[in-house]
Amino acid sequence: RPVSQRAWNRTFENAVSYPFFTLWDMNRDKVSDVVFALKSSNDTIINGSCAAEGLPFPCAYVTALSGTNGSLLWQRALAEDVQHVQCGIENLSGAKSSGCLIIGTPYLLSAISSS
């Protein structure tokens, strides 16, 4: 089991988070990771900008941070506003990794693999 920091803090400048988050061991290190969604008014601070994904700005991002130290595990840009994230979908895409189901408005239903 990896050594965890007792406390960590991660700041996203000019960003607002959606009013939910979920905990799930995304990287299978036996420590729960933090998965949440945000929207930023600064497209350059996010890994994988809206434009790089072919999406209008601003777009939403689903973000996974390591529970051990707050480092970025992965981040995905989405065209729609995110309403709910449910993680723990096993064997997504036939892989041995888990993933998350993303529900948004007005027309979003997406599954994201953690690998």
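Me: What makes up the secondary structure of the protein chain, counted in helices and strands?
Reply: In this predicted model, the protein chain has 0 helices and 7 strands, and from the N terminus on its elements run β-β-β-β-β-β-β.

Me: Why are β1 and β4 said to stand at the edges of their sheet?
Reply: The open sheet holds 4 strands in the order β1-β2-β3-β4, with antiparallel pairing. β1 (15-24) and β4 (72-78) each have a single partner strand, so one side of each is left without a neighbour in the sheet. Neighbouring strands of this sheet are turned by 20 degrees against each other on average, direction ignored.

Me: How do you know that β1 and β2 pair?
Reply: Two strands count as paired when at least two bridges are found between them, and β1 and β2 share 7 bridges in the antiparallel sense; F21, for its part, stands opposite F36 in β2.

Me: Why is D33 said to have no salt bridge?
Reply: D33, which lies in strand β2 (residues 33-40), is buried, and the nearest side chain of opposite charge, R28, is 9.5 Å away. A salt bridge requires the charged atoms to be within 4 Å, so R28 does not provide one for D33.

Me: What makes the approach of the D33 side chain to G67 a polar contact?
Reply: The side chain of D33 reaches the backbone nitrogen of G67 at 2.8 Å, and the cut-off for such a pair is 3.5 Å, so the distance meets it. G67 is also among the residues in contact with D33 beyond its neighbours within four places in sequence, including W24, L65 and L73.

Terms used: Residues are numbered from 1 along each chain as its sequence is written. This is a predicted model: local features need pLDDT of at least 70, side-chain atom pairs count only at pLDDT 80 or more; totals for chains, interfaces and linings use all residues. Side-chain values use heavy atoms; hydrogens and water are left out. Helices (H or I, at least four residues) and strands (E, at least two) are DSSP runs, numbered from the N terminus. Buried means under 20% relative accessible area, exposed over 50%, partly exposed in between (1.4 Å probe, protein chains only). Lys and Arg count as positive and Asp and Glu as negative; His and the chain ends are not counted. A polar contact is a pair of N or O atoms within 3.5 Å; within protein, one must be able to donate a hydrogen and the other to accept it, and residues adjacent in sequence count only if both atoms are side-chain atoms. Contact means heavy atoms within 4.5 Å. Axes are lines fitted to C-alpha atoms, for helices over the stretch in contact, and angles run from 0 to 180 degrees between N-to-C directions.
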